[in-house]
Amino acid sequence: MKRIYVLAGVMLVLAACKNETRNTTPELDGIHPEEAPVGASGIEVDTTGIKVDDDMPYVVASTNEIAPVSDAMMENAVIYEANIRQYSSEGTFNAFTADIPKLKALGVKIIWLMPVFPISETKRKATGGQFASEIEDPEERAKMLGSYYAVSDYTGINPEFGTLQDFKNLVTTAHNNNMYVILDWVPNHTGWDHKWITEHPEYYNKNKDGEISEALNNDGSLAGWADVADLNYDNPDMRKAMIADMKYWVTEEGVDGFRCDVAGSVPVDFWETAIPELRKEKLLFMLAEAEEPELLKDNLFDMVYAWKGHALMNDIAQGKKKITDWESYETKLFADYEADDIFMNFVTNHDENSWNGTVTERMGDASELMLAYSYIVPGMPLIYSGQEYDLDHRLKFFEKDSIGRTPGKMWPVLEKLGQLKATNPALNGGKDKASSLSFDTGNPNVILLTRSKGKNSVTFVGNFSDQPQRFEMINKPYLDYMSGTEFVVPTDKVEFKPWEYKILLRK
């Protein structure tokens, strides 16, 4: 879809009066119309537009009124975590915005932006665990950009990424492509440069010496995040200020919800006040970085992390756990959560990649099997920046890095999985999720699962081991979805190679 860049208001009128308007292409991230890139699926990234004055910012025109956030949207959505700093060599909003149309091919409906706010200079973290201020070499010290989660201004934009207008253009471009944008919100703590530190010290928890404390765990112990100050939710004025800052992004900048960092460390009664108040302004999608069931009750958060499921995938891939452990996990979910609760399924994210290792490091040859399974089980699958481009290194967290953007093996896999998720109701994973039925294969290392809704069904079969496995399966006519070929069930037992999987559709 074309993105038309115009100047708003009086400048456009003046330019028209002078008859000096030129039809040119804005150099958004260095892209010219004759060089318009084509995505892996042949999607043209068109940056054609109108430019009136070299000194004025571009404004992306809204060409589509996106539907309000809805339960129906959540049924077949894929969520994309955008690490703006590391997405491109530029590390800017504009560089990411240019690629938004390509994400449609992956079935992305929700873009989660990692924190976009200014980062505190005081106690800024550096690679290796020290503070940037402790680095003597000024050139090395300047490389340390700090943690995205040490926010110095909840209503500001990190100049590292661009301008507020660049952010607005990103949101408009997403909406033009029928994607929602949610902000990564950090409600548990602020950076040490936040104005509340000096203007409202009562907004923070104090240590035994009466000094503002660094971030704390729920039990009062230090969390190990010395670059941030712990907020005091016993202070009602702080709560009001927090809600007001969140509301700004909804009412003024058009965001569609929030991913709330360490949401379980914030009192539930805050969310019981904040979320309904925010939803008075517009319908929102709310994701909690947590797994406490109470955060999903009474229409608070829409989705939580499937942390335990993710850990099990890692452990099964490493031979530490078995399918029986996954079955116990599913039984626990059924007991602890309600039928309309949604889980975010993932094989990687910013924490996993930077601190625990790449997908290949953690899952090895099981990587693609686990990815496919994260799309098959109930819930919403996550793509983290670089996953679609075969990211093969741990991204630096406190300084500049880059994912590299050359499509390889994973793009077509994610494209096929995203298309199936988007078009087949049997993979509905939201508040009206499709049913799941497991079958006995006679082999404890093989999962055979059928998801069904209405007349639609999808069958997944996978060898969750590093050894070849033989198993039993009912003989039915199937289409192997990923390869597009017929899958014939042999009269004898089926044999799968280590970590082999199939996604089967009835012919």
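This is a short walk through one predicted protein model, from the whole chain down to a single helix.

Okay, so hi everyone. Since this is a predicted model, let's start with confidence. The average pLDDT for the protein is 90, and 89% of the residues score at least 70. There's a stretch to be careful with, though: over residues 1-53 the pLDDT stays under 50. The model does have 96 contacts beyond four places in sequence for that stretch.

Now the big picture. We've got 507 residues, and 55% of them count as buried. On the secondary structure side, there are 16 helices and 20 strands. And here's a number I like: take the contacts between residues at least 6 apart in sequence, and 73% of those join residues at least 24 apart. As for the outside, the protein exposes about 21500 Å², with carbon and sulfur atoms supplying 50% of that.

Let's zoom in on helix H9, residues 236-251. How far apart should its ends be? Well, H9 has 16 residues, and at 1.5 Å a residue it should span 22 Å, so the 22 Å between its end C-alpha atoms agrees with that.

At the start of H9, look for Asn-235: one of its side-chain oxygens comes to within 2.9 Å of the backbone nitrogen of Asp-237.

Which H9 residues are buried? Among them are Met-238, Met-242, Met-246 and Trp-249, but also Arg-239 and Asp-245. And what do the buried residues of H9 pack against? Three helices to find on screen, H7 (164-176), H8 (196-199) and H10 (268-279), plus strands E5 (180-185) and E8 (257-260).

That's my tour, thanks!

Notes: Residues numbered from 1 in each chain as written. Predicted model: local features only at pLDDT ≥ 70, side-chain atom pairs only at ≥ 80, totals over all residues. Heavy atoms only, no water. Helix = DSSP H or I, 4+ residues; strand = E, 2+ residues; numbered from the N terminus. Buried < 20%, exposed > 50% of the residue type's maximum accessible area, 1.4 Å probe, protein only. Contact = heavy atoms within 4.5 Å. Areas by Shrake-Rupley, 256 points an atom, 1.4 Å probe, with all protein chains shown as cover. Expected span 1.5 Å × (residues − 1). Polar contact = N/O pair within 3.5 Å; in protein donor to acceptor, adjacent residues only side chain to side chain. pLDDT = per-residue confidence, 0-100.
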